[in-house]
Amino acid sequence: FGCCSNGVLSRVLRPSTMQSLLLRLATLLAIVASVHSFAVNVDAHEKECFFDDVKAGTKMGLTFQVADGGFLDIDVSIKGPDGKEIYSGERESDGKYTFSAHMDGRYNYCFSNEMSSVTPKLVVFSMNIHGQEGISDTMGDESDKHDQLHDMVQELAESIVSIRREQEYMFVRERTHRMINESTNSRVVYWAFFEALVLVLMSLGQVYYLHRFFEVRTTV
(Lines give C-alpha, C1' and ligand atoms only; values in the text may rest on other atoms or scores of the structure.)
Protein backbone atom coordinates (compact mmCIF):
# COMPACT_ATOMS: atom_id res chain seq x y z
CA PHE A 1 0.00 0.00 0.00
CA GLY A 2 1.06 3.65 -0.31
CA CYS A 3 0.85 6.99 1.42
CA CYS A 4 -1.70 9.75 0.93
CA SER A 5 -1.18 13.02 -0.93
CA ASN A 6 -4.26 15.31 -1.14
CA GLY A 7 -6.46 12.28 -0.63
CA VAL A 8 -4.87 10.35 -3.54
CA LEU A 9 -3.23 6.98 -2.90
CA SER A 10 0.04 6.38 -4.69
CA ARG A 11 1.22 2.77 -4.99
CA VAL A 12 4.75 1.78 -4.11
CA LEU A 13 6.67 -1.41 -4.63
CA ARG A 14 6.35 -3.92 -1.82
CA PRO A 15 9.59 -5.03 -0.09
CA SER A 16 9.28 -8.48 -1.62
CA THR A 17 8.99 -6.95 -5.10
CA MET A 18 12.03 -4.75 -4.49
CA GLN A 19 14.06 -7.74 -3.31
CA SER A 20 12.98 -9.73 -6.37
CA LEU A 21 13.98 -6.85 -8.65
CA LEU A 22 17.37 -6.46 -6.97
CA LEU A 23 17.95 -10.21 -7.22
CA ARG A 24 17.16 -10.16 -10.92
CA LEU A 25 19.42 -7.19 -11.55
CA ALA A 26 22.24 -8.90 -9.67
CA THR A 27 21.74 -12.00 -11.77
CA LEU A 28 21.77 -9.85 -14.90
CA LEU A 29 25.12 -8.36 -13.90
CA ALA A 30 26.48 -11.82 -13.17
CA ILE A 31 25.44 -13.04 -16.61
CA VAL A 32 27.03 -10.06 -18.35
CA ALA A 33 30.21 -10.40 -16.30
CA SER A 34 30.49 -14.07 -17.20
CA VAL A 35 30.87 -13.41 -20.93
CA HIS A 36 34.55 -13.69 -21.81
CA SER A 37 36.65 -14.39 -24.86
CA PHE A 38 39.48 -16.91 -24.80
CA ALA A 39 42.53 -17.31 -27.00
CA VAL A 40 44.26 -20.56 -27.88
CA ASN A 41 47.38 -21.21 -29.93
CA VAL A 42 46.86 -24.25 -32.18
CA ASP A 43 50.17 -25.67 -33.41
CA ALA A 44 50.63 -27.27 -36.82
CA HIS A 45 49.22 -30.81 -37.07
CA GLU A 46 47.46 -30.25 -33.73
CA LYS A 47 43.84 -30.08 -32.55
CA GLU A 48 42.51 -28.22 -29.51
CA CYS A 49 39.14 -29.19 -28.02
CA PHE A 50 36.94 -27.68 -25.28
CA PHE A 51 33.66 -28.77 -23.74
CA ASP A 52 30.64 -27.60 -21.74
CA ASP A 53 28.15 -29.72 -19.79
CA VAL A 54 24.64 -28.44 -20.47
CA LYS A 55 21.04 -29.57 -20.27
CA ALA A 56 18.68 -30.27 -23.14
CA GLY A 57 17.14 -27.13 -24.61
CA THR A 58 20.04 -24.90 -23.61
CA LYS A 59 20.90 -22.35 -26.27
CA MET A 60 24.62 -22.27 -27.12
CA GLY A 61 26.51 -19.88 -29.38
CA LEU A 62 30.10 -20.28 -30.60
CA THR A 63 31.92 -17.24 -31.96
CA PHE A 64 35.49 -17.52 -33.24
CA GLN A 65 38.11 -15.58 -35.18
CA VAL A 66 41.58 -16.58 -36.39
CA ALA A 67 43.73 -13.65 -35.26
CA ASP A 68 47.16 -14.73 -36.48
CA GLY A 69 48.99 -17.40 -38.44
CA GLY A 70 49.27 -18.49 -42.06
CA PHE A 71 46.23 -17.76 -44.20
CA LEU A 72 44.10 -17.08 -41.10
CA ASP A 73 42.09 -20.30 -41.50
CA ILE A 74 41.11 -23.12 -39.15
CA ASP A 75 38.88 -26.23 -39.17
CA VAL A 76 35.98 -26.08 -36.70
CA SER A 77 33.70 -28.84 -35.43
CA ILE A 78 31.00 -29.18 -32.77
CA LYS A 79 29.79 -32.56 -31.50
CA GLY A 80 27.06 -33.56 -29.07
CA PRO A 81 27.19 -36.05 -26.17
CA ASP A 82 26.09 -38.84 -28.51
CA GLY A 83 28.94 -38.15 -30.94
CA LYS A 84 26.59 -36.55 -33.46
CA GLU A 85 28.27 -33.81 -35.49
CA ILE A 86 26.32 -30.60 -35.02
CA TYR A 87 28.55 -28.32 -37.08
CA SER A 88 31.67 -28.71 -39.20
CA GLY A 89 33.61 -26.13 -41.19
CA GLU A 90 36.92 -26.26 -43.04
CA ARG A 91 39.46 -23.47 -43.48
CA GLU A 92 37.29 -20.78 -41.91
CA SER A 93 38.68 -17.43 -40.81
CA ASP A 94 35.78 -16.45 -38.55
CA GLY A 95 32.22 -17.37 -37.82
CA LYS A 96 29.25 -17.51 -35.49
CA TYR A 97 27.10 -20.58 -34.96
CA THR A 98 24.13 -20.89 -32.60
CA PHE A 99 22.27 -24.07 -31.73
CA SER A 100 20.12 -25.65 -29.02
CA ALA A 101 21.29 -28.69 -27.07
CA HIS A 102 19.24 -31.72 -28.15
CA MET A 103 20.09 -33.75 -25.02
CA ASP A 104 21.78 -33.51 -21.63
CA GLY A 105 25.52 -34.07 -21.58
CA ARG A 106 28.91 -32.80 -22.71
CA TYR A 107 29.21 -30.79 -25.92
CA ASN A 108 32.65 -30.59 -27.50
CA TYR A 109 33.92 -27.93 -29.90
CA CYS A 110 37.33 -28.28 -31.53
CA PHE A 111 39.73 -26.16 -33.57
CA SER A 112 41.96 -28.21 -35.85
CA ASN A 113 45.17 -27.03 -37.52
CA GLU A 114 46.06 -30.46 -38.88
CA MET A 115 46.08 -29.17 -42.48
CA SER A 116 48.97 -26.80 -41.69
CA SER A 117 52.52 -28.08 -42.04
CA VAL A 118 54.53 -25.53 -40.04
CA THR A 119 52.38 -22.51 -39.14
CA PRO A 120 50.57 -22.26 -35.77
CA LYS A 121 47.25 -20.40 -35.57
CA LEU A 122 45.97 -18.06 -32.87
CA VAL A 123 42.21 -18.50 -32.39
CA VAL A 124 40.07 -16.15 -30.27
CA PHE A 125 36.69 -17.63 -29.35
CA SER A 126 33.79 -17.48 -26.93
CA MET A 127 31.01 -19.96 -26.10
CA ASN A 128 27.89 -18.28 -24.80
CA ILE A 129 25.34 -20.40 -22.95
CA HIS A 130 21.78 -19.26 -22.29
CA GLY A 131 18.96 -20.91 -20.43
CA GLN A 132 20.85 -23.31 -18.18
CA GLU A 133 21.83 -21.08 -15.29
CA GLY A 134 19.82 -18.08 -16.27
CA ILE A 135 17.60 -15.78 -14.35
CA SER A 136 14.72 -18.20 -14.07
CA ASP A 137 16.76 -20.60 -11.96
CA THR A 138 17.33 -18.02 -9.27
CA MET A 139 13.78 -16.75 -8.85
CA GLY A 140 12.59 -19.52 -6.57
CA ASP A 141 8.83 -19.30 -6.69
CA GLU A 142 7.19 -20.65 -9.86
CA SER A 143 4.68 -17.83 -9.89
CA ASP A 144 7.46 -15.25 -10.25
CA LYS A 145 9.19 -16.88 -13.20
CA HIS A 146 6.79 -15.76 -15.88
CA ASP A 147 5.72 -12.33 -14.80
CA GLN A 148 6.29 -9.30 -16.97
CA LEU A 149 9.21 -7.94 -14.97
CA HIS A 150 11.07 -11.23 -15.24
CA ASP A 151 10.53 -11.32 -19.00
CA MET A 152 11.82 -7.76 -19.42
CA VAL A 153 14.96 -8.46 -17.38
CA GLN A 154 15.51 -11.70 -19.31
CA GLU A 155 15.30 -9.89 -22.65
CA LEU A 156 17.60 -7.16 -21.37
CA ALA A 157 20.17 -9.72 -20.23
CA GLU A 158 20.16 -11.50 -23.58
CA SER A 159 20.46 -8.19 -25.44
CA ILE A 160 23.42 -7.03 -23.36
CA VAL A 161 25.17 -10.38 -23.75
CA SER A 162 24.61 -10.24 -27.51
CA ILE A 163 25.96 -6.69 -27.72
CA ARG A 164 29.04 -7.55 -25.71
CA ARG A 165 29.67 -10.63 -27.84
CA GLU A 166 29.43 -8.52 -31.00
CA GLN A 167 31.83 -5.95 -29.53
CA GLU A 168 34.40 -8.64 -28.77
CA TYR A 169 33.94 -10.12 -32.24
CA MET A 170 34.39 -6.73 -33.95
CA PHE A 171 37.45 -5.98 -31.79
CA VAL A 172 39.14 -9.19 -32.94
CA ARG A 173 38.21 -8.50 -36.58
CA GLU A 174 39.60 -4.97 -36.33
CA ARG A 175 42.84 -6.30 -34.83
CA THR A 176 43.18 -8.91 -37.57
CA HIS A 177 42.54 -6.43 -40.36
CA ARG A 178 44.99 -3.96 -38.83
CA MET A 179 47.69 -6.64 -38.78
CA ILE A 180 46.96 -7.49 -42.43
CA ASN A 181 47.14 -3.81 -43.43
CA GLU A 182 50.40 -3.30 -41.58
CA SER A 183 51.90 -6.40 -43.17
CA THR A 184 50.78 -5.29 -46.65
CA ASN A 185 52.16 -1.80 -46.08
CA SER A 186 55.54 -3.21 -45.00
CA ARG A 187 55.71 -5.42 -48.09
CA VAL A 188 54.91 -2.47 -50.36
CA VAL A 189 57.64 -0.38 -48.73
CA TYR A 190 60.20 -3.19 -49.04
CA TRP A 191 59.28 -3.84 -52.67
CA ALA A 192 59.51 -0.13 -53.52
CA PHE A 193 62.95 0.02 -51.88
CA PHE A 194 64.04 -3.06 -53.85
CA GLU A 195 62.81 -1.54 -57.11
CA ALA A 196 64.64 1.71 -56.40
CA LEU A 197 67.86 -0.22 -55.64
CA VAL A 198 67.57 -2.21 -58.88
CA LEU A 199 66.93 1.01 -60.83
CA VAL A 200 70.03 2.66 -59.35
CA LEU A 201 72.19 -0.39 -60.12
CA MET A 202 70.88 -0.53 -63.69
CA SER A 203 71.59 3.17 -64.14
CA LEU A 204 75.14 2.78 -62.86
CA GLY A 205 75.63 -0.23 -65.12
CA GLN A 206 74.42 1.68 -68.16
CA VAL A 207 76.68 4.65 -67.38
CA TYR A 208 79.65 2.32 -67.00
CA TYR A 209 78.80 0.49 -70.24
CA LEU A 210 78.43 3.73 -72.24
CA HIS A 211 81.65 5.06 -70.75
CA ARG A 212 83.49 1.93 -71.89
CA PHE A 213 81.79 2.07 -75.32
CA PHE A 214 82.98 5.60 -76.08
CA GLU A 215 86.37 5.13 -74.48
CA VAL A 216 89.19 5.88 -76.94
CA ARG A 217 91.78 3.16 -76.91
CA THR A 218 95.33 3.96 -78.04
CA THR A 219 97.88 1.47 -79.25
CA VAL A 220 101.60 1.88 -78.78
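How many aromatic pairs does a search of the whole structure find? The search finds ten, where rings of Phe, Tyr and Trp (its six-membered ring) count as a pair if their centres lie within 6.5 Å. The structure is a predicted model, in which local features need pLDDT of at least 70 and side-chain atom pairs count only at pLDDT 80 or more, while totals for chains, interfaces and linings use all residues. Residues are numbered from 1 along each chain as its sequence is written, and side-chain values use heavy atoms, with hydrogens and water left out.

A pair of aromatic rings is described by the distance of the centres and the angle of the planes. Phenylalanine 111 and phenylalanine 125 form one such pair, with 5.1 Å from centre to centre and 45 degrees between the planes. This pair is tilted, since planes under 30 degrees apart count as stacked, over 60 as edge-to-face and the rest as tilted. Phenylalanine 111 belongs to strand E9 (residues 105-112) and phenylalanine 125 to strand E10 (residues 121-130), so the pair links distant parts of the chain, 14 residues apart. Strands (E, at least two residues) and helices (H or I, at least four) are DSSP runs, numbered from the N terminus. Both phenylalanine 111 and phenylalanine 125 are buried; buried means under 20% relative accessible area, exposed means over 50%, and partly exposed lies in between, with a 1.4 Å probe and protein chains only. Ring pairs also join these two residues with Phe38, Phe50, Phe64 and Tyr109 into a cluster.

In soluble globular proteins, nonpolar side chains tend to be buried together. Here the largest nonpolar core has 20 residues, a core being a set of buried Ala, Val, Leu, Ile, Met, Phe, Trp, Tyr and Cys residues joined through side-chain atoms within 4.5 Å. The residues with the most contacts inside this core are Leu62, Phe64, Phe111 and Val123. Elements E3, E5, E6, E9 and E10 each give two or more residues to the core, and the largest share, four residues, comes from E5.

The strands themselves can now be considered. Strands of a sheet pair through backbone hydrogen bonds, either parallel or antiparallel. Two strands are taken to pair if DSSP finds at least two bridges between them. One open sheet has four strands in the order E3-E10-E5-E8, with antiparallel pairing. Strand E3 (38-42) and strand E8 (94-100) stand at the edges with a single partner strand each, so one side of each is left without a neighbour in the sheet. Neighbouring strands of this sheet are turned by 25 degrees against each other on average, direction ignored; axes are lines fitted to C-alpha atoms, for helices over the stretch in contact, and angles run from 0 to 180 degrees between N-to-C directions. Five bridges connect E3 and E10, and phenylalanine 38 has phenylalanine 125 in E10 as its bridge partner.

Strand E6 offers a second view of strand pairing. E6 runs antiparallel to E7, to which five bridges join it, and E6 also pairs with E9 in the antiparallel sense over five bridges. Lysine 79 stands opposite glutamate 85 in E7 and opposite asparagine 108 in E9, whereas isoleucine 78 stands opposite tyrosine 87 in E7. The hairpin of E6 and E7 has five residues between the strands, and glycine 83 takes a positive phi near 85 degrees there. Five of the six residues of E6 are buried.

Charged residues form further links. Side chains of opposite charge can pair when their charged atoms come close. The whole structure contains four salt bridges, each a side-chain nitrogen of Lys or Arg within 4 Å of a carboxyl oxygen of Asp or Glu. In one of them, arginine 106 meets aspartate 53 at 3.0 Å, N to O. This pair links strand E9 with strand E4 (residues 47-54), 53 residues apart. Arginine 106 is partly exposed, with a relative accessible area of 40%, and aspartate 53 is partly exposed at 44%. Arginine 106 also lies over the face of phenylalanine 51, at 3.8 Å from the ring centre; a charge sits over a ring if NZ of Lys or CZ of Arg is within 6 Å of the ring centre and within 35 degrees of the ring normal.

Aspartate 73, buried with a relative accessible area of 7%, forms a salt bridge with arginine 91 at 3.2 Å. Arginine 91 counts as exposed at 52% relative accessibility. Aspartate 73 also forms a salt bridge with lysine 121, the closest N and O atoms being 2.8 Å apart. Aspartate 73 lies in the loop between E5 and E6 and lysine 121 in strand E10, so this pair ties together parts that are 48 residues apart in sequence. Asp73, Arg91 and Lys121 are thus linked in a network of salt bridges.
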